[in-house]
Amino acid sequence: MSYAIQVDGLKKSYGEHMVLNGLNFHVEQGEIFALLGVNGAGKTTALEIIENLRKYDEGRIAVNGRVGIQLQSASLPDHIKPMEAVRLFAKWNRAQIDPSMLAALGINELAKKQYTELSTGQKRRLHLALSLISDPDIVFLDEPTAGLDVEGRVSLHDQIRKLKAQGKTIVLASHDMAEVENLCDRIAILNDGAIVFMGTVMELTARVGRHYKLHIETEQGEACFEADNIGDTMLTLLEEYKRKGVEVLDIKIDRGTLEQHFIDIARRNGE
Ligand SMILES: Nc1ncnc2c1ncn2[C@@H]1O[C@H](COP(=O)(O)OP(=O)(O)OP(=O)(O)O)[C@@H](O)[C@H]1O
């Protein structure tokens, strides 16, 4: 498999502040790859270096394919209308406008509005459309669903999956563990300037383990139990309640999220 992106030994400091201390990773063609990390971990710095928008101190970067970028803090003139922006970007990129892409992102529906009148979700859709104008092979998305409501997130996730189905490579930065768990083939977790984990969500789970929490509500109140083997624990508890003649009203199982795994890894790394 050929790589869409290969990064070796990438280093970047802002003055005395070392942000990236020798990053090594690759992104395979056609995958959705996420860079994760807490605020200030260096995700945007790494992405914008790979996008050739920021300088770096050391390392080697190879990008194989045409690139489309949706920046984190992208902004357009207040009074520009979405289709004017689309036509402008198409001209800059010497690209043909793809009406089906605009329709899929609902850009036509925004025709009468000016940029300032768009909601956060509508702005994100417009910026995604602008990043796709040149029909890129690799699409960079910096926190694509930050600030969106559930409906907006679901709709953008569908669009991102469609891009993958078209064979595009997607690289995104995110804090949103649920998003990453649903969407991404592989993830890299950045912490203290280095990658502390790289692999699939399943591999992350296998490495850190799943810990379940079981909330049982009875007529006596709610109790919480921790379990590694949810089936056995539940059976034992239910038998116990039955034996004591306590009525069980509700049971909730909390599987734990990738966020918990991530925090776990970041903490271990810091120890
Ligand atoms: N232009 C700059 N000059 C100086 N320091 C910077 C600059 N850009 C970023 N930094 C610092 O580098 C570190 C990494 O910032 P970066 O924006 O890459 O992190 P991030 O992981 O994308 O954060 P967030 O999740 O908050 O967007 C931060 O400590 C930030 O303050």
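**Close-up views of a predicted model**

**View A. Surroundings of helix 4 in the predicted model.** Strand 5 (67-70), helix 2, helix 3, strand 6 (138-142) and helix 5 (150-165) are among the elements that cover the buried residues of helix 4. Those buried residues are Arg124, Arg125, Leu126, His127, Leu128, Ala129, Leu130, Ser131 and Leu132.

**View B. Span of helix 4 (residues 120-132).** The helix comprises 13 residues, and its end C-alpha atoms lie 18 Å apart. This separation agrees with the expected span of 18 Å, because each residue should contribute 1.5 Å and the expected span is 1.5 Å times one less than the number of residues.

**View C. Shell of residues around the ligand.** The ligand is surrounded by Tyr14, Val19, Gly37, Asn39, Gly40, Ala41, Gly42, Lys43, Thr44, Thr45 and His175. Helix 1 (residues 43-50) supplies three residues, the largest share of this shell. By character, the shell consists of three nonpolar residues, seven polar residues and one charged residue.

**View D. Position of Asn93 in the loop between helix 2 (82-92) and helix 3 (99-104).** Asn93 counts as partly exposed because it has 15 C-beta neighbours inside 10 Å, whereas a buried residue would have 20 or more and an exposed residue 12 or fewer. Apart from its neighbours within four places in sequence, Asn93 is in contact with Ile133 and Ser134.

**View E. Separation of Asn93 and Met234.** These two residues are 141 residues apart along the chain, and a distance of 59 Å separates their C-alpha atoms.

Methods: Residues are numbered from 1 along each chain as its sequence is written. This is a predicted model: local features need pLDDT of at least 70, side-chain atom pairs count only at pLDDT 80 or more; totals for chains, interfaces and linings use all residues. A residue is near a molecule or strand if its C-beta atom, placed from the backbone, lies within 6 Å of it. Helices (H or I, at least four residues) and strands (E, at least two) are DSSP runs, numbered from the N terminus. Ala, Val, Leu, Ile, Met, Phe, Trp, Tyr, Cys and Pro count as nonpolar, Asp, Glu, Lys and Arg as charged, and the others, Gly among them, as polar. A residue is buried if 20 or more other C-beta atoms lie within 10 Å of its own, exposed if 12 or fewer, and partly exposed in between; C-beta atoms are placed from the backbone. Two residues are in contact if their C-beta atoms, placed from the backbone, lie within 7 Å.
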